[in-house]
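Please open the model in your viewer and keep the selection panel at hand. The stops below take you through a helix pair, some aromatic rings and a cysteine.

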Amino acid sequence: MEKTIITDKFNRPLRDLRISVIDRCNFRCQYCMPADQFGPDFEFLPRSALLTYEEIERLGKIFVQLGVKKIRLTGGEPLLRRDLPILIEKLAAIEGLSDIGLTTNGVLLPKLAAKLKEAGLKRVNISLDSLDDELFGKINGRGIGTGPVLEGIQAAKDAGLGVKLNMVVKKGLNDQDIIPMAKFCKEKGLELRYIEYMDVGSTNGWKMDDVVTKKEIYEMLKAEFELEPVDPAYFGEVAKHYRYKGTDVNVGFITSVSESFCSSCTRARLSANGQIFTCLFNGNGHDLRNFMRNGASDEQLFGRIAEIWNGRNDRYSDERTAETNKNRKKIEMSYIGG
Ligand code: SAM
């Protein structure tokens with residue numbers, strides 16, 4: 001397949017695509033979809049508004065022609081979307097795509113891991129913010145203990161999927177779990193990535209004071225373990241990595257607040273209803289679904305996406321202050337996908 005390399009206003013190429021396949025979730029994590037704001041009456045997208053798997057496949061092919069090498073499926077909770085392995089199979093068949101990943105809370109993995117692997121999925125990132133059942137149940141807003149997630153982790157490993165864990169750290173909530181999570185993952189040979197609590201959306205009441213920075217976490221880890229830095233695997237890699245000395249186990253940090261990485265951000269995001277967002281913190285999406293449903297040709301879709309990317313000048317995290325956080329229209333993480 002012939003590729004066209006497009007760049008944005010800061011010369012950043014388009015390399016990664018996050019696709020949210022659904023805006024619903026079976027958790028109500030308080031930093032993402034707080035239960036009081038996403039209650040029983042909350043209006044999620046109707047089924048007809050979601051991109052079909054054929055539409056996602058079509059767009060996926062066009063994004064790959066424009067330089068995308070990696071696709072990650074997310075949500076909401078992507079495993080709630082019916083027949084997800086069918087979508088994976090379609091995407092895995094796209095020539096020129098080198099990697100497909102999935103971000104999940106893991107609860108449905110015992111049911112689905114083997115089917116996902118068979119369909120062509122390579123890796124899963126599983127979110128787990130605490131090993132303490134009570135606290136975890138409080139964070140996920142559903143009272144669900146760690147058991148189902150731990151079973152999901154095991155199912156993914158048994159199916160032969162690569163597994164990494166994501167832990168969002170919020171001050172005063174789960175910072176006491178930083179070391180227990182590190183010990184658990186080191187022992188199991190799993191890469192853990194600490195994610196700085198971010199000001200996505202406007203429902204989580206984010207404050208800069210709630211952020212535990214990479215530096216703080218690193219100092220805590222250094223007091224317990226011997227760590228050595230690991231070089232980035234490729235341009236635009238989001239996590240900063242270290243290795244526990246004498247092992248092949250890595251630990252990573254996603255530092256979007258304290259050490260922003262906008263200058264190497266090569267990521268576009270496609271919402272479940274077919275809007276492209278050029279930054280997690282840009283509240284204005286560009287519709288592709290209606291354009292497509294109104295008969296746009298592949299060439300027209302290609303041109304539209306290229307035009308959007310060429311015009312991209314987002315660098316929100318580089319410019320973040322308490323003021324920019326207050327005054328900006330932002331999209332919810334559950335809608336755009338993490
Ligand atoms: N439901 C899936 C899951 O739990 O992984 C996928 C969607 S979730 C939005 C993707 C990731 O975003 C999760 O690891 C979650 O912890 C993270 N996340 C959500 N809100 C966040 C926030 N405000 N700051 C940092 N990370 C956040």
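Which residues in α1 meet which residues in α2? In this predicted model, select Tyr 53, Glu 54, Ile 56 and Glu 57 in α1, and then add Leu 84, Ile 86, Leu 87, Lys 90 and Leu 91 in α2, since these are the residues that meet. By class, this contact of α1 with α2 has 6 nonpolar and 3 charged residues, and no polar ones.

Now widen the selection to the whole of both helices, with α1 covering residues 53-65 and α2 covering residues 84-92. Their axes come within 10 Å and cross at roughly 25°; with angles under 35 degrees counted as roughly parallel, α1 and α2 are therefore roughly parallel to each other. If you look along the line of sight that places one helix in front of the other, the crossing in which α1 passes α2 is right-handed.

Turn next to the aromatic rings, of which the structure holds 8 pairs. Select Phe 225 and Tyr 244, an edge-to-face pair with 5.0 Å centre to centre and 65° between the planes. This pair links distant parts of the chain, as Phe 225 lies in the loop between α7 (214-222) and β7 (227-230), while Tyr 244 belongs to strand β8 (residues 240-244), 19 residues apart. Both Phe 225 and Tyr 244 are buried.

Staying with strand β8, select Tyr 242 together with Phe 253 in strand β9 (residues 250-254), a pair that again links distant parts of the chain, here 11 residues apart. The rings of Tyr 242 and Phe 253 are edge-to-face, with 5.8 Å centre to centre and 85° between the planes. Buried means under 20% relative accessible area, so Tyr 242, at 13%, is buried, and Phe 253, at 1%, is buried as well. Add Tyr 194 and Tyr 218 to the selection, and you have one aromatic cluster, formed by these two residues with Tyr 242 and Phe 253.

For the last stop, follow the chain to the loop between β9 and β10 (267-270), where Cys 265 has its place. Is Cys 265 buried or exposed? Its relative accessibility is 15%, and Cys 265 therefore counts as buried. Leaving aside neighbours within four places in sequence, Cys 265 is in contact with Arg 12 and Arg 312. Finally, select Arg 315, which is 50 residues from Cys 265 along the chain, and whose C-alpha atom is separated from that of Cys 265 by 8.8 Å.

Note on methods
Residues numbered from 1 in each chain as written. Predicted model: local features only at pLDDT ≥ 70, side-chain atom pairs only at ≥ 80, totals over all residues. Heavy atoms only, no water. Axes fitted to C-alpha atoms, helices over the stretch in contact; angles between N-to-C directions. Helix = DSSP H or I, 4+ residues; strand = E, 2+ residues; numbered from the N terminus. Parallel < 35°, antiparallel > 145°, perpendicular 65-115°, else oblique. Left-handed = near helix turned anticlockwise from the far one by under 90°. Contact = heavy atoms within 4.5 Å. Nonpolar A, V, L, I, M, F, W, Y, C, P; charged D, E, K, R; others polar. Phe/Tyr/Trp six-rings, centres within 6.5 Å; stacked < 30°, edge-to-face > 60°. Buried < 20%, exposed > 50% of the residue type's maximum accessible area, 1.4 Å probe, protein only.
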